[in-house]
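Q: Please take a close look at the empty space inside this protein. I should like a connected account of where that space lies and which residues surround it.

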Amino acid sequence: MATRLGVSRLLFVLAVCVLADAARGEGPWPQWRGPNRDDVTTEAGLIQEFGSDDPQRVWLFENCGSGYSGPAIVGNRLYILGAREGSDLLLCLDAASGRELWAAPLGDTLKNDWGDGPRSTPTVDGDFIYALTGMGNLVCVKNDGTLIWTKSMEELGGKIPVWGYTESPLVLGDKVYCTPGEAEGAIAAFDKESGDLLWRTEDLADVAHYSSIVPMEHDGKTLLVQLLFKEVVGVDPDDGTVLWTVPFPGSVAVIPTAIVSGNMVYVTAGYGAGCMMVKLTGDGSQVEAEVVYENKNMTNHHGGVILIDGHLYGYSDGKGWVCQNLESGDLVWREREALGKGAIAYADGRFYCLSEDTGELVLIAASSEGWEEHGRYTLDPQTEIRSGRGKVWTHPVIADGKLYLRDQDLLFSFDVKAK
């Protein structure tokens, strides 16, 4: 639907500042899905084939505790969430050695049949780290383990989702954004220094699910895009004005993060929801969001989807690993037999596809021509504390020539630099 954008108080230069803030993290992976929240890295000079001895393990950290949080890497520091003895912790490790440097307590941990503990990735911004626990505690921690402030999503009227809060908070400029959900306003902004609540999206009352907010540039303005349970939305980051909404057929759990490309927004979810591509038009004073297509060619549960050269890649329930054309929504290829359901990551012309059932990692060409395998490796050892319903759900991360894989308490670092 079309809505008034109004007089924007946020100039295009903010986008430059945002990228500078990510770069100011002095690292290649300061947040969920990397600097641009798209799982696309500019890493080069990496292994193109897994031989019998690849990838080579650099270190194994065995005390992450329970949880599905992924790592954020900045400089020589790695940050990750985990639960030990009923308490959520923000852990800081030396990225070179895997040695624990400090652990900041964040409150009681989420208890869940599919696995206890936190689910989201920390966000690093300068000297501070922001994180959201499964119980809905949004925290700011200084880079020495000191807790600066905490805000409860429940105290804001939010309701803990069935599988806990899993969103990874977004930091832009002087604000941090997340999704408490419910009638008081689904999306909220906080002052990143004090934690003070700055605004709620009063006209948006959808419940919180499991996706994370992404920034988007349209007509020289920055807006926030979020996939909620029953709609995909665009919001003004300055004051929370809802700029556009499009209904989405969410069911049970809506998890994957939206993908933005130019004036296009692509979303997908499991449980039969399928996928949708929305195109924005307008000159900045008025934005129109139009559905270009909606189909079941990609029905991604929670392993993520990556956009490379106009094509989308990921695991689609009922179809297997697929490649889909972004603009048309057409299915380009699919592979059902080579590997089971799982998560995907990209680096240097290769996809790293990780099976959630077996911990098997397959390296394939990032190609719209078909599934072209370049070796595989099975995670070893594997955790002994995984819930009976839990699987290897943490997404792979490639940063600074290292591949990071997590299986609950076990966090692996592998060298994937070409020799």
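A: **The largest cavity and the largest pocket**

In this predicted model, the largest cavity is lined by 13 residues, and those nearest its centre are His 302, Gly 303, Gly 342, Ala 343 and Glu 356. By class, this lining comprises four nonpolar, six polar and three charged residues. The space in the largest cavity amounts to about 70 Å³. The structure holds three cavities of 30 Å³ or more.

Such spaces are found in a simple way: a probe the size of a water molecule, rolled over the atoms, shows where empty space is left.

The largest pocket holds about 690 Å³ of space. Its lining consists of 36 residues, and Arg 119, Thr 166, Ile 255, His 302 and Trp 393 lie nearest the centre of this pocket. His 302 therefore appears in both descriptions, being among the residues nearest the centre of the largest cavity and among those nearest the centre of the largest pocket. The lining of the pocket divides into 14 nonpolar, 17 polar and five charged residues.

Turning to the strands, an open sheet of four has the order β2-β33-β32-β31, and its pairing is antiparallel. Strands β2 (56-61) and β31 (397-399) form the edges, each pairing on one side only. On average, neighbouring strands of this sheet are turned by 25° against each other, direction ignored. Within the sheet, β32 (residues 402-407) and β33 (residues 410-415) pair in the antiparallel sense over six bridges. Leu 405 stands opposite Phe 412 in β33.

Conventions:
Residues are numbered from 1 along each chain as its sequence is written. This is a predicted model: local features need pLDDT of at least 70, side-chain atom pairs count only at pLDDT 80 or more; totals for chains, interfaces and linings use all residues. Side-chain values use heavy atoms; hydrogens and water are left out. On a 1 Å grid over the protein atoms alone, a cavity is a set of points where a 1.4 Å probe fits but cannot get out, and a pocket is an open set with protein on both sides within 12 Å along at least five of seven lines; lining residues have an atom within 4 Å of a point. Grid points are joined across faces, edges and corners, and a volume is the space filled by probe spheres set on the points. Ala, Val, Leu, Ile, Met, Phe, Trp, Tyr, Cys and Pro count as nonpolar, Asp, Glu, Lys and Arg as charged, and the others, Gly among them, as polar. Two strands pair if DSSP finds at least two bridges between them. Helices (H or I, at least four residues) and strands (E, at least two) are DSSP runs, numbered from the N terminus. Axes are lines fitted to C-alpha atoms, for helices over the stretch in contact, and angles run from 0 to 180 degrees between N-to-C directions.
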